[in-house]
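This report describes one protein chain, going from its overall make-up to its interior, its cysteines and its surface. Please keep the sequence and the structure in view while reading.

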Amino acid sequence: MVSLTAPYVSGFLAFREVPFLLELVQQLREKEPGLIPQVLLVDGNGVLHHRGFGVACHLGVLTDLPCVGVAKKLLQVDGLENNALHKEKLSGACMEQLLNKNLLS
């Protein structure tokens, strides 16, 4: 169990959660170095953070491991939109790619 002392502040998740995540990775390196993962999936944004450097980026820099941000919601960054029409277009494009590559029949 982890006790968080810092309050949640939107946009600053890394300052709240990275210290204990970093400690866990360091403990794993010391106790079971053969179990260090090749990549970390992080509950939060990475480069799609509205400041361009979310919790996944922070953890990746501090651990020297590749990290992928797996956020709960899509932020509006660099032409990405969080609306039904945009999602429909993305879904249609993905389906077309799958059909063209004969991965879906």
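Of the 105 residues in the chain, 20% count as buried. The model is a predicted one. About 8,000 Å² of the chain is exposed, and carbon and sulfur atoms supply 58% of that area.

**Overall make-up**

The secondary structure consists of three helices and two strands. Along the sequence they follow the pattern α-β-α-β-α. Taking contacts between residues at least 6 apart in sequence, 54% join residues at least 24 apart.

**The interior**

The largest nonpolar core is made of nine residues: Ala-14, Val-18, Val-25, Leu-40, Val-42, Val-55, Ala-56, Leu-59 and Leu-65. Helix H1, strand S1 and helix H2 each supply at least two residues of this core.

Helix H2 covers residues 55-63, and its buried residues are Val-55, Ala-56, Cys-57, Leu-59, Gly-60 and Thr-63. What do the buried residues of H2 pack against? They pack against helix H1 (13-31), strand S1 (40-42) and strand S2. Val-18, a member of the core, has contacts with Val-55, His-58, Leu-59 and Leu-62, leaving aside its neighbours within four places in sequence.

Just after H2 comes Asp-64, with a positive phi of about 60°. Most residues other than glycine have a negative phi. Asp-64 is found in the loop between H2 and S2. With a relative accessible area of 68%, this residue is exposed.

**The cysteines**

How many disulfides does the chain have? The count comes to zero. A disulfide is a covalent bond between the sulfur atoms of two cysteines. For Cys-57, the closest cysteine sulfur is in Cys-67, 8.4 Å away, which is too far for a bond. The cut-off for a disulfide is 2.5 Å between the sulfur atoms, so the pair at 8.4 Å is not counted as one. Cys-57 is buried, with a relative accessible area of 14%, while Cys-67, at 21%, counts as partly exposed.

**The salt bridge**

The chain has one salt bridge by count. Asp-43 forms it with Lys-72, and their closest N and O atoms are 2.9 Å apart. The pair links distant parts of the chain, 29 residues apart: Asp-43 is in the loop between S1 and H2, and Lys-72 is in the loop between S2 and H3. Is Lys-72 buried or exposed? Lys-72 is exposed, at 73% relative accessibility. Asp-43 is partly exposed, at 46%.

**A nonpolar patch**

Some nonpolar residues lie on the surface: Val-39, Leu-41, Val-68 and Val-70 form a patch there, with about 340 Å² of accessible area together. Val-70 is in the loop between strand S2 (67-69) and helix H3 (84-100). Its relative accessible area is 44%, so Val-70 counts as partly exposed.

**Accessibility of the residues discussed**

The table gathers the relative accessible areas given above.

| Residue | Relative accessible area | Class |
|---|---|---|
| Cys-57 | 14% | buried |
| Cys-67 | 21% | partly exposed |
| Val-70 | 44% | partly exposed |
| Asp-43 | 46% | partly exposed |
| Asp-64 | 68% | exposed |
| Lys-72 | 73% | exposed |

Buried means under 20% relative accessible area, which is why Cys-67 at 21% is not placed with Cys-57 at 14%.

Terms used: Residues numbered from 1 in each chain as written. Predicted model: local features only at pLDDT ≥ 70, side-chain atom pairs only at ≥ 80, totals over all residues. Heavy atoms only, no water. Patch = residues over 30% accessible without salt bridge, like charges linked within 9 Å, V, L, I, M, F, W, Y side chains within 5 Å. Areas by Shrake-Rupley, 256 points an atom, 1.4 Å probe, with all protein chains shown as cover. Salt bridge = Lys/Arg side-chain N within 4 Å of Asp/Glu carboxyl O. Helix = DSSP H or I, 4+ residues; strand = E, 2+ residues; numbered from the N terminus. Buried < 20%, exposed > 50% of the residue type's maximum accessible area, 1.4 Å probe, protein only. Contact = heavy atoms within 4.5 Å. Core = buried A, V, L, I, M, F, W, Y, C linked by side-chain atoms within 4.5 Å.
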